[in-house]
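Please open the model in your viewer and keep the selection tool at hand, since this tour proceeds from one selection to the next. Each stop says what to pick and what is found there.

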Amino acid sequence: MSVKKLLALTTIFMTAFVLVACGASKSSKSKDTSLSDVQKSGTLVVATSPDFAPFEFKRLENGKDTVVGIDVELSKEIAKELGVDVHFLTVSFTNVLGSVSIGKADYGISGISVTEDRKDSFEFTEPYFESKNVIVVRKSELAQYTSVDDFSGHSVSAQKGTIQEGVLADQIPKASAVSLTQNSEGINELKHGQIDGIVMESAIAQGYISNNDDLAVANITLKKVDGSSYAIALPKGSIALRDKLNQIITRLKKEGKIDQYVQKANAESEVG
């Protein structure tokens, strides 16, 4: 074999080797290790905003502020199934998804609604809860509000960054919208006459009303909107972890455990 042919074959061989190596490297980088990473670390980091009773809220236990609620119970069961500990990263609601996107949390859970826009940036599990929006008002003024038009010129709040903020803008356009960081702020302002209503998720509203007998849900039906289902948000591409969570959620719903979490959280919630 001539030296020229030998060099040509060597070049072909080296090129093929490099292409295979690059392909293997690319394949390795694209491999989904979301589930195994959590199991190897031994800790499931969960981002949540503990001002959303009965889903997540703080309760004094043994003299210490403790995060409890529906989402907390669900996450504890998930961690148990994965064989790891769970750590709750408490942030404002607007930072829950941000913590997930920058990798500070393995997932976010805080009554997060699934929307088409959010699907572009995150993976979502199947819904574990179906929500309904209501308007909370002062009980003494319950008869005054029978339609959304009755709020014309009145101040109505919703939690900033939530689906309810969009519901307020779209379905009660004649009201003066007030966006607040926490639902508890809205409750205090409603009780003191600074606002006239709050758009809230029904389970959240019931938790506040059960502890504030001067408040009530207005007899107004709001339209169901995109994002009325609550699910867990994961970093884009976390398919393995998402699929495992789906298996756990399906089992818990079938066993009636989610309903038990709701009942327990409503009984324990101390809001207002």
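A residue is called buried here when its relative accessible area is under 20%, and exposed when that value is over 50%. The model on display is a predicted one, and residue numbers count from 1 along each chain as its sequence is written.

**First stop: a ring in strand S14**

Select Tyr230, which has a relative accessible area of 0% and is therefore buried. Then add Phe55, whose ring forms an aromatic pair with that of Tyr230, with 5.2 Å from centre to centre and 75° between the planes, an edge-to-face arrangement. Because Phe55 sits in the loop between S2 and S3 while Tyr230 belongs to strand S14, this pair ties together parts that are 175 residues apart in sequence. As for accessibility, both Phe55 and Tyr230 are buried.

**Second stop: the other partners**

Keep Tyr230 selected and turn to the aromatic pairs, of which there are six by the rule applied here. In one of them, the ring centres of Phe52 and Tyr230 are 6.3 Å apart and the planes stand at 50°, so this pair is classed as tilted. Since Phe52 is part of strand S2 and Tyr230 is part of strand S14 (residues 229-230), the contact ties together parts that are 178 residues apart in sequence. Phe52 has a relative accessibility of 6% and so counts as buried. Adding Phe129 to the selection completes one aromatic cluster, made up of Phe52, Phe55, Phe129 and Tyr230.

**Third stop: the sheet that carries Phe52**

How is the open sheet of three strands ordered? Its order is S2-S3-S4, and the pairing is antiparallel. Strand S2 (51-52) and strand S4 (64-68) are at the edges, and each has a single partner strand, so that one side of each is left without a neighbour in the sheet.

Colour S2 and S3 first: these strands run antiparallel and are joined by two bridges, and Phe52 has Glu56 in S3 as its bridge partner. The hairpin that joins S2 to S3 does so through three residues. In the loop between these two strands, select Pro54 and display the backbone, where the peptide bond from Ala53 to Pro54 is cis, with omega near 10°.

**Fourth stop: from S3 to S4**

Move on to strand S3 (residues 56-61), which pairs with S4 in the antiparallel sense over five bridges. Two of the contacts are worth displaying: Leu60 has Asp65 in S4 as its bridge partner, while Glu61 is bridged to Lys64 in S4.

Finally, select Asn62, which is found in the loop between S3 and S4. The hairpin of these strands has two residues between them, and within this hairpin Asn62 takes a positive phi near 55°. Most residues other than glycine have a negative phi, and most peptide bonds are trans. Is Asn62 buried or exposed? Its relative accessibility is 85%, so Asn62 counts as exposed.

Terms used. This is a predicted model: local features need pLDDT of at least 70, side-chain atom pairs count only at pLDDT 80 or more; totals for chains, interfaces and linings use all residues. Side-chain values use heavy atoms; hydrogens and water are left out. Two strands pair if DSSP finds at least two bridges between them. Helices (H or I, at least four residues) and strands (E, at least two) are DSSP runs, numbered from the N terminus. Rings of Phe, Tyr and Trp (its six-membered ring) pair if their centres lie within 6.5 Å; planes under 30 degrees apart count as stacked, over 60 as edge-to-face and the rest as tilted. Buried means under 20% relative accessible area, exposed over 50%, partly exposed in between (1.4 Å probe, protein chains only).
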